[in-house]
Amino acid sequence: MFFKALCRISKQTVAKSLAQSSRCLSLSATNNKKVAVLGASGGIGQPLSLLLKQNPGVTELALYDIMHTPGVAADLSHIDTPAKVTGHMGEDEIADCLKGADIVIMPAGVPRKPGMTRDDLFNTNASIVAGLSKACATHCPSAFLGIISNPVNSTVPIASEIYKKAGVYNPNRIFGITSLDIVRANAFIAEARGLNVSTINVPVIGGHAGITIIPVISRCSPKVSFEGDELKAMTERIQDAGTEVVKAKDGAGSATLSMAYAGARFANSLLDALAGKEGVVECAFVRSDVASVPYFSTQLLLGPEGVEKNLGLGELSDYEKQLVDNCIPELEKSIAKGEKFAASF
Ligand code: NAD
Ligand code: LMR
């Protein structure tokens with residue numbers, strides 16, 4: 001009797017450990033990924049790295065900054081999740097950070113203070129992004145690159161031109177991260193209509209600055225109705241949400257925690273796409289021919305090679321079509337400014 005019971009227990013134990021080891025095998029086959037964060041010690045970089053450390057599909061998390069990364073890495077490395085965390089500081093250590101990276105997320109650069117536009121950050125951030133992009137093009141040219149550093153409407157063209165110069169450009173692998181606009185649109189619309197925020201999805205297209213941010217409320221899922229002044233007010237709240245945070249922080253920077261959340265959401269979708277998950281759709285600012293400017297944010301179907309299919313502008317209301325027309329001159333200027341800068345870098 002006792003012997004029979006013992007056999008039953010040991011059979012169950014073997015079956016359980018086999019199941020566990022097959023789960024481990026599939027994890028390592030599909031999700032054994034290295035993610036690098038450039039600007040990892042900053043207001044966005046630290047919470048973003050914390051969120052990425054929680055993804056069991058990340059097995060290496062490499063943190064780069066010009067300051068404090070040994071401390072940030074030591075701190076995160078005590079968390080009991082699989083990712084091995086390494087800290088890299090200063091230009092001499094960037095190669096080790098980037099080698100073998102599957103995904104690079106870049107929140108390096110200065111944030112706005114009240115009264116500034118994102119374009120006012122160009123003079124400082126353009127050279128930071130160009131320098132870091134050059135390092136990525138050298139050390140991990142085929143990694144997915146997600147750029148958070150502002151002004152995104154110019155920094156994505158800068159990175160793209162730097163990759164072109166290095167002869168390694170693949171437009172399907174460079175993304176301007178605009179996910180915070182979608183996260184905000186979801187939060188504001190759910191709040192206004194008393195909806196369950198976890199079920200809502202509002203595409204946001206265009207770019208990532210003021211009038212170039214275009215929430216497509218007509219395609220909100222589930223369907224919502226906003227008309228006239230209420231539609232205009234909701235659109236403007238989403239467009240000005242970054243400024244709302246800059247004003248509230250009163251000189252202490254711009255959105256960091258919500259951006260870390262949005263950046264992690266985007267990085268996790270890239271990891272899912274790399275692992276072969278089907279139907280992964282995110283909006284991002286990419287090289288594109290959907291509008292009369294060479295970069296535009298739209299919904300993208302993501303796959304193991306990056307952008308698998310650009311889902312285009314899709315159906316827009318007359319109001320949204322007008323917003324697209326209105327944003328083109330500003331986008332054109334910001335893109336050209338980035339390209340011109342990169343040409344002389
Ligand atoms: P922050 O000043 O808190 O952090 C920036 C970090 O970048 C710092 O740790 C700094 O040391 C580092 N850094 C500076 N130069 C560097 C270099 N050459 N190499 C590596 N690291 C470098 O700023 P933050 O609040 O984290 O914002 C970072 C950027 O993200 C800003 O440009 C901000 O405008 C932008 N941002 C974008 C979005 C978006 O939706 N895309 C949202 C929020 C903020
Ligand atoms: C945001 O949208 O919060 C960021 O682009 C930061 C900023 O300067 O507004």
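This passage describes the surroundings of two ligands and some backbone features in a predicted model.

Ligand 1 is considered first. Its shell holds 29 residues, of which Gly 43, Ile 44, Asp 65, Val 110 and Asn 150 are the closest. By class, 17 of the shell residues are nonpolar, 11 are polar and one is charged. Polar contacts to oxygen atoms of ligand 1 come from both backbone and side chain. A polar backbone atom of Gly 43 is 2.8 Å from an oxygen atom of the ligand. A polar backbone atom of Val 110 is 2.9 Å from an oxygen atom of ligand 1. His 208 uses its side chain: a polar atom there lies 3.1 Å from an oxygen atom of ligand 1. Taken alone, ligand 1 exposes 870 Å². The protein buries 87% of that area. The space that ligand 1 takes is the largest pocket.

Two elements give two or more residues each to the shell around ligand 1, namely β2 (58-65) and α5 (122-139). Helix α5 gives the most, with three residues. At the level of domains, both domain 1 (28-176) and domain 2 (179-343) give residues to this shell, so ligand 1 lies between them.

Ligand 2 has its own set of neighbours. Arg 112, Arg 118, Asn 150, Leu 180, Arg 184, His 208, Gly 242, Ser 254 and Ala 255 surround it. This shell divides into two nonpolar, four polar and three charged residues. Three side chains that make polar contacts with ligand 2 can be listed by distance. For Arg 112, a polar side-chain atom lies 2.6 Å from an oxygen atom of the ligand. For Arg 184, the distance from a polar side-chain atom to an oxygen atom of ligand 2 is 2.7 Å. For Asn 150, the corresponding value is 2.8 Å, again from a polar side-chain atom to an oxygen atom of ligand 2. Taken alone, ligand 2 exposes 260 Å², and the protein buries 95% of that. The space taken by ligand 2 is the largest pocket, and the space taken by ligand 1 is likewise described as the largest pocket. Domain 1 (28-176) and domain 2 (179-343) each supply at least three residues to the shell around ligand 2.

Some residues appear in the surroundings of both ligands. Asn 150 is among the closest residues to ligand 1 and is also one of the residues around ligand 2. His 208 belongs to the shell of ligand 2, while a polar atom of its side chain lies 3.1 Å from an oxygen atom of ligand 1.

The backbone shows several features of note. The peptide bond from Asn 150 to Pro 151 is cis, with omega near -5°. Asn 150 thus links this bond to the ligands: its side chain places a polar atom 2.8 Å from an oxygen atom of ligand 2. Pro 151 itself is in the loop between β5 (144-147) and α6 (152-165). A cis peptide bond also runs from Ser 221 to Pro 222, with omega near 0°. Pro 222 sits in the loop between β8 (213-215) and α8 (228-239). His 68 has a phi near 65°, a positive value in a residue other than glycine. The loop that holds His 68 joins β2 and α3 (69-77). Strand β2 is also one of the elements that give two or more residues to the shell around ligand 1.

How values were computed: Residues are numbered from 1 along each chain as its sequence is written. Chains are lettered from A and ligands numbered from 1 in the order in which they are written. This is a predicted model: local features need pLDDT of at least 70, side-chain atom pairs count only at pLDDT 80 or more; totals for chains, interfaces and linings use all residues. Side-chain values use heavy atoms; hydrogens and water are left out. A residue is near a molecule or strand if one of its heavy atoms lies within 4 Å of it. A polar contact is a pair of N or O atoms within 3.5 Å; within protein, one must be able to donate a hydrogen and the other to accept it, and residues adjacent in sequence count only if both atoms are side-chain atoms. Accessible areas come from the Shrake-Rupley method with a 1.4 Å probe; for residues, only the protein chains shown count as cover. On a 1 Å grid over the protein atoms alone, a cavity is a set of points where a 1.4 Å probe fits but cannot get out, and a pocket is an open set with protein on both sides within 12 Å along at least five of seven lines; lining residues have an atom within 4 Å of a point. A molecule sits in a cavity or pocket if more than half of its atoms lie within 2 Å of its grid points. Ala, Val, Leu, Ile, Met, Phe, Trp, Tyr, Cys and Pro count as nonpolar, Asp, Glu, Lys and Arg as charged, and the others, Gly among them, as polar. Domain bounds come from an automatic or database domain assignment. Helices (H or I, at least four residues) and strands (E, at least two) are DSSP runs, numbered from the N terminus.
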